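Thanks for coming, everyone. I'll keep this brief: charged pairs first, then a sheet and a helix. Have a look at the structure.

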Amino acid sequence: MTGVASASSPTCASSGWGRERVITASCGSFYPPLRSARPRPPSAGGADFCRMDGDQVEKMVLTKDGRKTAVDKECDGEEKKSVESKVYMDYNATTPMAPEVIQTVTEAMHEAWGNPSSSYTAGRKAKEIINKARESLARMVGGRPQDIIFTSGGTEPISELSQQIQILNQNRMALGLPRILMHTDAAQMIGKGRVDGQDLGVDYLTIVGHKFYAPRIGALYVRGPGVTTPLHPMLFGGGQEWNFRPGTENTPMIAGLGKAAELVNKNCEAYEAHMKEVRDYLEKRLEASFGKQRLHFNSQFPGAKRLCNTCNFSFWGPGLQGRMVLSHCKTLLASVGAACHSEKGDQPSSILLSCGIPYEVAQNALRLSVGRDTTKEDVDMIVEDLKQSVAQLEQNRVT
């Protein structure tokens, strides 16, 4: 028996997880609109955004049923300038919700407002939507719908590590010792490559919605919750979700998570191929523009498996810290590392240092992560932006 509990986002279709449960935790709802060279839809119902077609700018409004419609009002100059000039390449920090997910969430808010535990029509509708989401998530993680539990509310080769722990556990069990439990945060992998619980050999696996175009709702896979693997509720009250996480289910967010999982089930290979192609093009353009003597790729280790969408690199030289480079960019929106560690300032990533990257190189690191809709034209724009940023910083240092 296998299972999943509350936390943070999803994966590519996988198999072999046996009987598992997934407990999801809602941490919010919508995101602010994200801009890029080609503007993306906003991730909040009722919000508006600009769509550009040549020199024409058309005001778009997301209606209450999740559809987009054009209105006569024009975007102001500042908004038009923002749409034209920004390219978002921080998809590892967060993704906008996919249009299909926005529509699913909006429909659930209007049609499935009832309590899923109630027997009246709106309650039954909510229950149907939750069950559909269970089915999509079960297909995504290779489990069964009855093993999915909802709640209201990246560089290590994990498979190799888990194999070593499995061997260690066999020896411990022979000595009558308790086994070592293993957890992995799969937030960055889901939707970018295949994730299989059996292959990984983990006991707990975190799933995070806002990393794969879903709402900020999450889940935790647990192998045999409460039987094979320890799992205890932190909250007490109602008996929802097999008593592991009480509270009325957040139907719209669960519906959105289920829809995002459905998209991953259908399109994961295509998503991965596209992002890898654009990522590889980005690295080629950087090397061609700056040369091997001025650039260091921080994650290109022989035989290492990499996220298909991520390019972590540093510019050689003083005064080219990642934050300084980004602060002088006019087009690129990116980061120097994980958003949850942004309070560290210019302190280098401990992960990069552990991988043997020199301190002065790790301090200059930039992390660019492409998304499902990022194009080679986007890459061309941000490479030119990086060239002007680096040139300006070097000129300022000389003067």
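Start with Arg-179. Its relative accessibility is 29%, so it counts as partly exposed. Keep in mind that this is a predicted model.

What does Arg-179 pair with? It forms a salt bridge with Asp-203, and the closest N and O atoms are 2.7 Å apart. Now place the two partners. Arg-179 sits in the loop between α4 (158-174) and β7 (183-185), while Asp-203 sits in the loop between α5 (197-200) and β8 (204-208). The pair therefore ties together parts that are 24 residues apart in sequence. Asp-203 has a relative accessible area of 4%, so it is buried. The cut-off for buried is under 20%. So one partner, Arg-179, is partly exposed, and the other, Asp-203, is buried.

Next pair: Asp-280 and Arg-279. Their side chains meet in a salt bridge, at 2.9 Å from N to O. Which of these is buried, and which is partly exposed? Arg-279 is the buried one, because its relative accessibility is 4%. Asp-280 has 22%, so it counts as partly exposed. Here the acid is the partly exposed residue. In the Arg-179 pair, that part falls to the arginine.

Third pair: Arg-367 and Asp-90. This salt bridge joins their side chains at 3.3 Å, N to O. Buried or exposed? Both Arg-367 and Asp-90 are buried.

There is also a network. Salt bridges link Arg-285, Asp-380, Glu-384 and Lys-387. How many salt bridges does the structure hold? The count is 13.

On to the sheet. Three strands form an open sheet, ordered β10-β11-β13, with antiparallel pairing. β10 (295-297) and β13 (365-369) are at the edges, each with a single partner strand. One side of each is therefore left without a neighbour in the sheet. From one strand to the next, the twist averages 30°.

Look at β11 and β13 together. β11 covers residues 310-315, and its antiparallel pairing with β13 runs over five bridges. For a register check, find Ser-314: it stands opposite Ala-365 in β13.

Last item: what packs on this sheet? Helix α6, residues 251-290, does. It touches β10, β11 and β13. The direction of α6 makes about 15° with that of β11.

That's the tour. Over to you.

Definitions and conventions:
Residues are numbered from 1 along each chain as its sequence is written. This is a predicted model: local features need pLDDT of at least 70, side-chain atom pairs count only at pLDDT 80 or more; totals for chains, interfaces and linings use all residues. Side-chain values use heavy atoms; hydrogens and water are left out. A salt bridge is a side-chain nitrogen of Lys or Arg within 4 Å of a carboxyl oxygen of Asp or Glu. Buried means under 20% relative accessible area, exposed over 50%, partly exposed in between (1.4 Å probe, protein chains only). Helices (H or I, at least four residues) and strands (E, at least two) are DSSP runs, numbered from the N terminus. Two strands pair if DSSP finds at least two bridges between them. Axes are lines fitted to C-alpha atoms, for helices over the stretch in contact, and angles run from 0 to 180 degrees between N-to-C directions. Contact means heavy atoms within 4.5 Å.
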